[in-house]
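Notebook open, coffee poured. I wanted to look up a few charges and the core in this one.

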Amino acid sequence: MAVTVKIPTPLRELTADQGTVQADGASTLLELVDHLETTYPGMRERLCDDDGELRRFVNVFVNGEDVRYLAGLDSALAEGDEVSIVPAVAGG
């Protein structure tokens, strides 16, 4: 099952500057994070805090839906889904 993952610029150092990567076999967002960590070491610590939850400043969308309003890391994934990782932007 292939899922497309859009990688933001700050994380592209982990993906050899790839802006989009494919992940096979992940049926939940948590499984996707595990796959990304295996393929691109360092990804989990950038996405998840010490408790294993998504970091506050990292927004993740599955097909345009914020996973915080779905099931978080337990959000289901299906073949052809698009996951976007978007770092939060703040300013004043």
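I went to Glu53 first and found it in the loop between α2 (43-47) and β3 (58-62); helices (H or I, at least four residues) and strands (E, at least two) are DSSP runs, numbered from the N terminus. Glu53 is partly exposed because its relative accessibility is 48% (buried is under 20%, exposed over 50%, partly exposed in between; 1.4 Å probe, protein chains only). Asp50, Asp51 and Asp74 join Glu53 in a surface patch of negative charge (residues with over 30% relative accessible area and no salt bridge, like charges joined within 9 Å).

A note on the source: this is a predicted model, where local features need pLDDT of at least 70 and side-chain atom pairs pLDDT 80 or more, while totals for chains, interfaces and linings use all residues. Numbering starts from 1 along each chain as its sequence is written, and side-chain values use heavy atoms, without hydrogens and water.

Next I looked up salt bridges (a side-chain nitrogen of Lys or Arg within 4 Å of a carboxyl oxygen of Asp or Glu) and got 3 in the whole structure.

- Lys6 pairs with Glu82 at 3.9 Å, N to O; this links strand β1 to strand β5, 76 residues apart.
- Arg46 meets Glu13 at 2.7 Å, N to O. Arg46 is in helix α2 and Glu13 in the loop between β1 and β2, so parts 33 residues apart in sequence are tied together. Glu13 counts as exposed because its relative accessible area is 59%.
- Arg44 bridges to Asp34, with the closest N and O atoms 2.6 Å apart.

Last, I checked the largest nonpolar core, which has 25 residues (buried Ala, Val, Leu, Ile, Met, Phe, Trp, Tyr and Cys joined through side-chain atoms within 4.5 Å). Its largest share, 4 residues, comes from α1.

Note on methods
Patches are made of residues with over 30% relative accessible area and no salt bridge: like charges are joined within 9 Å, nonpolar side chains (Val, Leu, Ile, Met, Phe, Trp, Tyr) within 5 Å. Accessible areas come from the Shrake-Rupley method with a 1.4 Å probe; for residues, only the protein chains shown count as cover. Lys and Arg count as positive and Asp and Glu as negative; His and the chain ends are not counted. The place of a charge is taken as NZ of Lys, CZ of Arg, CG of Asp or CD of Glu.
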